[in-house]
Amino acid sequence: DYDRMFLANMIAHHQGAVDMANLALTNAKHQELKDLATAIVSDQTKEINDMMTWQKSWGYPSSSGEMMEDHSGMGMMDTNAGMMTALDGKTGDEFDKAFLTQMIMHHQSAIDMASTGITNAYHQEIKDLTKGIITAQTKEILQMRQWQMQAGFLN
């Protein structure tokens, strides 16, 4: 059951990051953010495709509204919509500041979701994916925090 719920929720979660990153490709001012957004779209789209393949091969439903017990009470789609709303209508430095804030929170949420996978997942593919998510998104958070400081976006 853990694997089924994890896949359903992480697919939705990754789609939220891809949506925000696609917006950054057109609205971000700094090239570093556009480069990060390109990497997020590429990496997380590949992971979404892998997870959807696993759902099919393991006989899981292709989508689910269920929430992981250790995540939040809000639906994943509501969370993603709220993050997109925080970026709506913004461009330039205003967009970059909001994007960094939202993507850091989004990545931290993915790390929190993935942190239980190493011990709770049944399939090795999910254990490996959760380790990869933690490693990659921790590195990206550190980079985004550095950019926030360099740009003077921290209050």
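This is a guided tour of a predicted model, stop by stop, for use with the viewer open.

**Before you start**

Residues are numbered from 1 along each chain as its sequence is written. Because the model is predicted, local features need pLDDT of at least 70 and side-chain atom pairs count only at pLDDT 80 or more, while totals for chains, interfaces and linings use all residues; side-chain values use heavy atoms, with hydrogens and water left out.

**Stop 1: the whole chain**

Select everything and show it as a cartoon. The chain has six helices and zero strands. Helices (H or I, at least four residues) and strands (E, at least two) are DSSP runs, numbered from the N terminus. The pattern along the sequence is α-α-α-α-α-α.

Now colour by pLDDT, the predictor's confidence in each residue, from 0 to 100. The chain average is 90. At least 70 is reached by 90% of the residues.

Of the 155 residues, 45% are buried. Buried means under 20% relative accessible area, exposed over 50%, and partly exposed in between (1.4 Å probe, protein chains only).

Contact means heavy atoms within 4.5 Å. Take the chain's contacts between residues at least 6 apart in sequence: 78% of them join residues at least 24 apart.

**Stop 2: residues 64-74**

Select residues 64-74. Here pLDDT stays under 50. The model has 23 contacts for this stretch beyond four places in sequence.

**Stop 3: α4 against α6**

Select helix α4 (residues 92-114) and helix α6 (residues 124-151). They pack at an angle of about 155°, with axes 9 Å apart. Axes are lines fitted to C-alpha atoms, for helices over the stretch in contact, and angles run from 0 to 180 degrees between N-to-C directions. α4 and α6 are therefore roughly antiparallel to each other. The angle classes are: under 35 degrees roughly parallel, over 145 roughly antiparallel, 65 to 115 roughly perpendicular, and the rest oblique.

Their crossing is left-handed. That term applies if the near helix is turned anticlockwise from the far one by less than a right angle; clockwise makes it right-handed.

Show side chains. On α4, the contact residues include Leu100, Met103, Ile104, His107 and Ile111. On α6, among them are Ile133, Ile134, Gln137, Ile141, Met144 and Trp147. The contact of α4 with α6 divides into 11 nonpolar, seven polar and two charged residues. Ala, Val, Leu, Ile, Met, Phe, Trp, Tyr, Cys and Pro count as nonpolar, Asp, Glu, Lys and Arg as charged, and the others, Gly among them, as polar.

**Stop 4: α2 against α6**

Keep α6 and add helix α2 (residues 31-57). The axes come within 12 Å and cross at roughly 165°. That makes α2 roughly antiparallel to α6. This crossing is left-handed.

On the α2 side, pick Glu32, Leu33, Leu36, Ile40, Gln44, Glu47, Met51 and Trp54. They meet Glu125, Ile126, Leu129, Ile133, Gln137, Glu140, Met144 and Trp147 in α6. By class, the contact of α2 with α6 has 10 nonpolar, two polar and four charged residues.

**Stop 5: α1 against α6**

Swap α2 for helix α1 (residues 2-27). α1 and α6 pack at about 35°, with axes 12 Å apart. α1 passes α6 in a left-handed crossing.

Pick Asp3, Phe6, Leu7, Met10 and His14 in α1. Opposite them in the contact are Ile126, Leu129, Thr130, Ile133 and Gln137 of α6. The contact of α1 with α6 holds six nonpolar, three polar and one charged residues.

**Stop 6: helix α5**

Select residues 117-120, which form helix α5. Start with Ile118. At 36% relative accessibility, Ile118 counts as partly exposed. Not counting residues up to four places away in sequence, Ile118 touches Lys127, Thr130 and Lys131. Its C-alpha is 9.0 Å from that of Leu129, 11 residues away in sequence.

Asn120 also lies in helix α5. Asn120 is partly exposed, with a relative accessible area of 43%. Which residues does Asn120 touch, not counting those up to four places away in sequence? They are Tyr2 and Asp3. Measure across to Asp1: the C-alpha atoms of Asn120 and Asp1 are 9.8 Å apart, with their positions 119 residues apart in sequence.

**Stop 7: Thr91**

Finish in the loop between α3 (76-87) and α4, where Thr91 sits. Is Thr91 buried or exposed? At 53% relative accessibility, Thr91 counts as exposed. Now select Asn27, 64 residues away along the chain. The C-alpha atoms of Thr91 and Asn27 are separated by 5.0 Å.
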